[in-house]
Amino acid sequence: MPISQSNSTNSLSTELDSALNALSDKKAENIRLLDVSDISSITDYIVLATGTSDPHLKAMKSDLDGALKTAGVFLIGEDRNTNSGWVIVDAFDFMVHLQTDSIRSYYNLDHLWKDANEIDISSI
């Protein structure tokens with residue numbers, strides 16, 4: 001299911017593309033984009049991505065920060081501790097969860113948001 005391309009969402013689509021490309025460029029694993037707009041009151045999209053280690057998460061976060069800044073994204077919240085195995089970036093319309101494999105398996109956000117519509121990111 002593609003992200004809507006209406007005038008009001010072109011900016012959001014560009015912001016999500018920037019985030020997804022930054023994560024892909026840093027070799028994030030198992031990247032998923034979930035449309036939670038019908039089931040969440042706090043955000044419209046959730047990006048889940050796995051890093052191989054805390055230093056990998058830190059590198060992913062650094063590139064993500066740069067890409068979002070370039071895209072003009074205003075962050076309303078972000079995790080500054082990159083040694084926990086889980087980093088969160090809140091851009092209001094979407095949230096990015098970067099996790100190590102063990103943390104992703106333990107907290108299982110994929111299952112928590114199982115009712116969300118997954119958006120195919122293979123063409124992004």
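This is a short tour of the sheet, one of its strands and a helix that packs on it, in a predicted model.

**Stop 1: the sheet.** Start in cartoon view and colour the strands. You're looking at an open sheet of six strands, ordered 3-4-5-2-1-6, with mixed pairing. Now pick out the edges: strand 3 (77–78) and strand 6 (117–119) each have a single partner strand, so one side of each is left without a neighbour in the sheet. As a reminder, strands of a sheet pair through backbone hydrogen bonds, either parallel or antiparallel.

**Stop 2: strand 5 and strand 2.** Select residues 94–100, which make up strand 5, and residues 45–51, which make up strand 2. These two run parallel and are joined by seven bridges. To see how they line up, show a couple of pairs: isoleucine 46 sits opposite methionine 95, and leucine 48 has histidine 97 as its bridge partner.

While you're here, bring in helix 2 (residues 54–70), which packs on the sheet and touches strand 2, strand 3, strand 4 (86–90) and strand 5. The direction of helix 2 makes about 160 degrees with that of strand 5.

**Stop 3: the side chains of strand 5.** Turn on side chains for strand 5 alone. Which way do they point? Phe94, Val96, Leu98 and Thr100 go one way, while Met95, His97 and Gln99 go the other. Seven of the seven residues are buried, so strand 5 is largely enclosed by the rest of the structure.

**Stop 4: strand 4 and the turn.** Next, select strand 4. Strand 4 runs antiparallel to strand 5, with five bridges joining the two. One pair to display is tryptophan 86 opposite glutamine 99. The two strands form a hairpin with three residues between them. Click on phenylalanine 92 in that turn: its phi is positive, about 70 degrees.

Switch to a surface view and keep phenylalanine 92 highlighted. Together with Phe74 and Ile76, Phe92 makes a nonpolar surface patch of about 370 Å².

**Stop 5: leucine 57.** Finish by going back to helix 2, where leucine 57 lies. Is leucine 57 buried or exposed? Its relative accessibility is 0%, so leucine 57 counts as buried. Show what surrounds it: leaving aside residues up to four places away in sequence, leucine 57 touches Gly51, Gly85, Trp86, Val87, Leu98, Gln99 and Thr100. For a last distance, pick the C-alpha atoms of leucine 57 and threonine 100: they are 43 residues apart along the chain, yet separated by 7.5 Å.

Definitions and conventions
Residues numbered from 1 in each chain as written. Predicted model: local features only at pLDDT ≥ 70, side-chain atom pairs only at ≥ 80, totals over all residues. Heavy atoms only, no water. Pairing = 2+ DSSP bridges. Helix = DSSP H or I, 4+ residues; strand = E, 2+ residues; numbered from the N terminus. Contact = heavy atoms within 4.5 Å. Axes fitted to C-alpha atoms, helices over the stretch in contact; angles between N-to-C directions. Buried < 20%, exposed > 50% of the residue type's maximum accessible area, 1.4 Å probe, protein only. Patch = residues over 30% accessible without salt bridge, like charges linked within 9 Å, V, L, I, M, F, W, Y side chains within 5 Å. Areas by Shrake-Rupley, 256 points an atom, 1.4 Å probe, with all protein chains shown as cover. Salt bridge = Lys/Arg side-chain N within 4 Å of Asp/Glu carboxyl O.
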